[in-house]
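Trainee: Take me closely through a single part of this model, please. Pick one sheet and follow it outward to whatever packs around it.

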Amino acid sequence: MVDDNKRPDVWIGHVRMPTPKMEESHAFMQEIGMRPIFKGETVAVLELRGGTHIVLANDENHEPADVSFDLMVEDLAETHAQYQERGYQVTEIEKGRIHDSFYLTEPGGNRIVVNSTHVPDHSLV
């Protein structure tokens with residue numbers, strides 16, 4: 001039987017995001033709440049809540065795209081409003097079956113889905 005109150009034994013360690021604008025993308029990720037771990041000339045690592053690391057890879061030839069991961073926030077409407085106030089490029093919030101969400105475009109042109117949470121007990125995260 002699974003103990004629903006126990007934190008899972010595994011998690012995602014790293015996700016990769018290529019960007020043609022390393023400096024700007026690195027600064028942006030910090031602005032939205034990620035913690036810097038390492039920064040080199042061609043790679044930077046930032047940490048999210050839960051310990052997952054985003055690895056930014058400098059790629060001058062990268063064509064901006066929708067990234068292969070999404071972000072989740074406690075209060076989607078508040079986050080959306082804050083991002084708009086900061087002048088970030090965001091879409092309108094879309095209502096979903098499980099999550100409400102919007103797209104956030106980072107300085108390198110990549111689009112990131114930002115989702116509402118559906119975790120009932122936030123102390124487990």
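Mentor: Two strands count as paired here if DSSP finds at least two bridges between them. Keep that cut-off in mind, because β6 and β7 are joined by two bridges. Those two strands run antiparallel. One bridge sets Gln 89 opposite Thr 105 in β7. Remember too that this is a predicted model.

Now the whole sheet. It is open, with four strands in the order β5-β8-β7-β6. The pairing is mixed. At the edges stand β5 and β6, the latter spanning residues 89-90. Each has a single partner strand, so one side of each lacks a neighbour in the sheet. As general background, strands of a sheet pair through backbone hydrogen bonds, either parallel or antiparallel.

Next, the helix. α2 lies across β5, β6, β7 and β8. Its direction makes an angle of about 25 degrees with β7.

The aromatic residues come next. The structure holds three aromatic pairs. Look at Tyr 83 and Phe 102: their ring centres are 6.1 Å apart and their planes stand at 80 degrees, so the pair is edge-to-face. The cut-off behind that call is an angle over 60 degrees. Tyr 83 belongs to helix α2 and Phe 102 to strand β7, so this pair ties together parts 19 residues apart in sequence. Both residues are buried. Ring pairs also link Phe 28, Tyr 83, Tyr 88 and Phe 102 into a cluster.

Move on to Leu 104. Setting aside neighbours within four places in sequence, Leu 104 is in contact with three residues of that cluster's list, namely Phe 28, Tyr 83 and Tyr 88. Its other contacts include Ile 32, Gln 89, Val 90, Arg 111, Ile 112 and Val 114. Asn 110 is also among them.

Leu 104 leads into the core. The largest nonpolar core has 22 residues, and those touching the most other members are Met 29, Ile 32, Leu 56, Phe 69 and Leu 104. Among the elements giving two or more residues to this core are β5 (66-73), α2 (76-85), β7 (101-105) and β8 (111-116). β1, α1 (22-31), β3 and β4 (53-58) do so as well. The largest share, four residues, comes from β5. In soluble globular proteins, nonpolar side chains tend to be buried together.

Some of those elements belong to a second open sheet. Its four strands follow the order β1-β4-β3-β2, again with mixed pairing. β1 and β2 (35-39) take the edges; each has a single partner strand, so one side of each is left without a neighbour in the sheet. The twist averages 25 degrees from one strand to the next. At one edge, a hairpin of three residues joins β2 to β3. Four bridges connect these antiparallel strands, with β3 covering residues 43-47. Arg 35 stands opposite Glu 47, and Pro 36 opposite Leu 46.

Finish at the other edge. Thr 19 sits in strand β1, residues 14-19. Its relative accessible area is 0%, so Thr 19 is buried. Its side chain reaches the backbone nitrogen of Lys 21 at 3.1 Å. Not counting residues up to four places away in sequence, Thr 19 touches Ser 25, Ala 57, Asn 58, Asp 59, His 62, Glu 106, Gly 108 and Asn 110. Asn 110 brings us back to Leu 104, which also contacts that residue.

Key
Residues numbered from 1 in each chain as written. Predicted model: local features only at pLDDT ≥ 70, side-chain atom pairs only at ≥ 80, totals over all residues. Heavy atoms only, no water. Buried < 20%, exposed > 50% of the residue type's maximum accessible area, 1.4 Å probe, protein only. Polar contact = N/O pair within 3.5 Å; in protein donor to acceptor, adjacent residues only side chain to side chain. Contact = heavy atoms within 4.5 Å. Axes fitted to C-alpha atoms, helices over the stretch in contact; angles between N-to-C directions. Core = buried A, V, L, I, M, F, W, Y, C linked by side-chain atoms within 4.5 Å. Phe/Tyr/Trp six-rings, centres within 6.5 Å; stacked < 30°, edge-to-face > 60°.
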